[in-house]
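Trainee: Could we take a close look at one part of this model? I'd like to go through it slowly.

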Amino acid sequence: LDVRTPEEFAAGHLPGAVNIDSSAPDFADAVGALPKDGTYLVYCQTSNRSGVATDRMVDLGFTDVYDLQGGIVAWSDAGNEVVTD
């Protein structure tokens with residue numbers, strides 16, 4: 001789950017990621033529509049927004065939520081794939 005802005009997401013994201021902007025006013029509603037029993041890897045640019053987003057998700061009843069430490073920057077620096085589509 002990519003919680004960056006749509007513009008950041010369009011510039012590059014993890015393969016298979018879904019974008020729900022954590023700064024959008026409807027973030028809680030959009031995330032709340034996801035299955036609460038799913039497993040979610042949440043990331044942003046460097047982990048600031050994703051840390052807040054994962055806390056909010058837990059507050060909403062999600063139980064299997066992980067914050068990608070270092071965000072997409074650390075992911076990319078480690079040589080992992082970033083895609084645009």
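Which residues is aspartate 21 in contact with, leaving aside its neighbours within four places in sequence?

Mentor: A word on the ground rules: this is a predicted model, where local features need pLDDT of at least 70, side-chain atom pairs count only at pLDDT 80 or more, and totals for chains, interfaces and linings use all residues. Residues are numbered from 1 along each chain as its sequence is written, and side-chain values use heavy atoms, with hydrogens and water left out.

Now, your residue. With those neighbours set aside, aspartate 21 is in contact (heavy atoms within 4.5 Å) with Val3, Arg4, Thr5, Pro6 and Phe27. Aspartate 21 sits in the loop between helix H1 (6-11) and H2; helices here are DSSP runs of H or I, at least four residues, numbered from the N terminus. Aspartate 21 is buried (under 20% relative accessible area, 1.4 Å probe, protein chains only) yet has no salt bridge, meaning a side-chain nitrogen of Lys or Arg within 4 Å of a carboxyl oxygen of Asp or Glu. The nearest side chain of opposite charge is arginine 49, 5.6 Å away; Lys and Arg count as positive, Asp and Glu as negative, and His and the chain ends are not counted.

What about those arginines? The side chain of arginine 49 meets that of glutamate 8 in a salt bridge (2.8 Å, N to O). That pair links distant parts of the chain, with glutamate 8 in helix H1 and arginine 49 in helix H3, 41 residues apart. Arginine 4, for its part, forms a salt bridge with aspartate 2 (2.8 Å, N to O), and both of those residues are buried.

Methods
Helices (H or I, at least four residues) and strands (E, at least two) are DSSP runs, numbered from the N terminus. Buried means under 20% relative accessible area, exposed over 50%, partly exposed in between (1.4 Å probe, protein chains only).
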